[in-house]
Amino acid sequence: MLKKIAMVMALLATPCWGQEKAFVLQAPPSLSETGLLQHILPRFSLKTGIRITVGPDVGDAAIGADGTPVFRDAQRTWHFSMTDNPHASAFEDWLLSDVGKRTIESFAPDGTPPFQADFSVVETATAAPVDGNTAAGEQASLLKCGRCHVVNGSNRMNAIGSTPSFALMRNFADWQGRFQTFFLLKPHPAFTQVADVTDPFPANLPSPIAPIEVTLDEIDAIVAYVATIAPADLGAPVEIQ
């Protein structure tokens, strides 16, 4: 009998028995509505056994404007902050791991990943000076590109959120070449016509949407305008201690 009593007391004295591995994550509706959290959280829980409950109220951890940068989209960099919670700390470690980054970037509901998790600093080559009519370039950018991309503050609410903004693309080392030949880069060939450059769409394969018709002079003006845009601030690179 004494042996049984001792065993029961030992079990009751062990605090980890019966405790659930879980924590509450605060996330704004704008992030939850993208579907990213529904994509990554079950995969994290399956691997670690830690259950995460998401809500708009203050919890054990939060994804928002403060803390460690963990991923970014076309509009902003998302950060992770937490209280002194070992399960939330495990989630942060996972977000910053190669597996976590690949899981974030594998989320592509429309075929193109809207989130990036790589914050490595890329050394950029000095681009050649760009000359052109920047005012005409701004007008052409808004007219030709603004239905998908955020060109500047004037069309911020009219673009597609999953496409990169002009300010974000200014961080690319080869941004100038990309803008000069954008009509060759997917998905643009399916709906873009450049006067005296591209062939007309085949009669049996018309553009799936209203086509964009642009001239080489307009492209030069667009590149000149983009050269005046300051690259978006993507946050400091992650430092692993």
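Where is D196 found? Select D196 in this predicted model: the residue is in the loop between β6 and β7. D196 is not a glycine, yet its phi is positive, at about 70°. Most residues other than glycine have a negative phi, and most peptide bonds are trans. With a relative accessible area of 84%, D196 is exposed.

**The whole chain**

Zoom out and colour by secondary structure. The chain has nine helices and seven strands. It runs to 241 residues, of which 34% count as buried. Among contacts with a separation of 6 or more, 59% are between residues 24 or more positions apart.

**The cis bond at P187**

Select K186 and P187. The peptide bond that joins K186 and P187 is cis, with omega at about 5°. P187 sits in the loop between α8 and β6. P187 also belongs to the next stop, being one of the residues that lie nearest the centre of the largest pocket.

**The largest pocket**

Show the surface and keep P187 selected. The largest pocket has a volume of about 980 Å³, and 34 residues line it. To find its centre, add T112, H149, T163 and P164 to the selection; these, with P187, lie nearest to that point.

Which helices each supply at least two residues of the lining? Select residues 134-145 for α6, 166-169 for α7, 175-180 for α8 and 216-226 for α9. Of these, α7 gives the most, with three residues.

**Helix α9 and its cover**

Stay on α9 and show its side chains. Its buried residues are I219, A221, I222, V223, A224, Y225 and V226. Now bring back what surrounds them: the cover includes the helices α6, α7 and α8, and also the strands β6 (192-194) and β7 (212-214). The helices α6, α7 and α8 have thus come up twice, once in the lining of the largest pocket and once in the cover of α9.

**K144 in α6**

Move to α6 and select K144, which lies in that helix. K144 is buried but has no salt bridge. The nearest side chain of opposite charge is that of E218, at 4.1 Å. That distance does not count as a salt bridge because the nitrogen and the carboxyl oxygen have to be within 4 Å.

What does the side chain of K144 reach? Draw a distance to the backbone oxygen of E213, and it should read 2.5 Å. Neighbours within four places in sequence aside, K144 is in contact with I212, E213 and E218.

**The salt bridge**

Select D174 and R178. The structure holds one salt bridge, and the side chains of D174 and R178 form a salt bridge at 2.9 Å, N to O. Are these two residues buried or partly exposed? D174 is partly exposed, at 41% relative accessibility, and R178 is partly exposed too, at 36%.

**D73 and its loop**

Next select D73, in the loop between β4 (68-72) and β5 (77-82). D73 counts as buried because its relative accessibility is 14%, and the cut-off for buried is under 20%. D73 has no salt bridge; R76, the nearest side chain of opposite charge, is 6.0 Å away.

Turn on polar contacts around D73. Its side chain reaches the backbone nitrogen of Q75 at 2.8 Å. A polar atom of the D73 side chain also lies 2.8 Å from the backbone nitrogen of R76. R76 therefore appears twice in this view, with its side chain 6.0 Å away and its backbone nitrogen at 2.8 Å, the cut-off for a polar contact being 3.5 Å. There is a further polar contact, at 3.1 Å, between the side chains of D73 and W78.

Which residues does D73 touch, not counting those up to four places away in sequence? They are W78, P114, F115 and L168. For F115, show the C-alpha atoms: those of D73 and F115 are 4.7 Å apart, although the two residues are 42 apart along the chain.

**Helix α4**

For the last stop, select residues 86-96, which make up α4. Start at its N-terminal end, where N85 acts as the cap: a side-chain oxygen of N85 lies 2.8 Å from the backbone nitrogen of H87. Then go along the helix to its buried residues, A88, F91, E92, W94, L95 and L96. An α-helix has 3.6 residues a turn, so residues three or four places apart point the same way.

Notes. Residues are numbered from 1 along each chain as its sequence is written. This is a predicted model: local features need pLDDT of at least 70, side-chain atom pairs count only at pLDDT 80 or more; totals for chains, interfaces and linings use all residues. Side-chain values use heavy atoms; hydrogens and water are left out. Buried means under 20% relative accessible area, exposed over 50%, partly exposed in between (1.4 Å probe, protein chains only). Helices (H or I, at least four residues) and strands (E, at least two) are DSSP runs, numbered from the N terminus. Lys and Arg count as positive and Asp and Glu as negative; His and the chain ends are not counted. A polar contact is a pair of N or O atoms within 3.5 Å; within protein, one must be able to donate a hydrogen and the other to accept it, and residues adjacent in sequence count only if both atoms are side-chain atoms. Contact means heavy atoms within 4.5 Å. On a 1 Å grid over the protein atoms alone, a cavity is a set of points where a 1.4 Å probe fits but cannot get out, and a pocket is an open set with protein on both sides within 12 Å along at least five of seven lines; lining residues have an atom within 4 Å of a point. Grid points are joined across faces, edges and corners, and a volume is the space filled by probe spheres set on the points.
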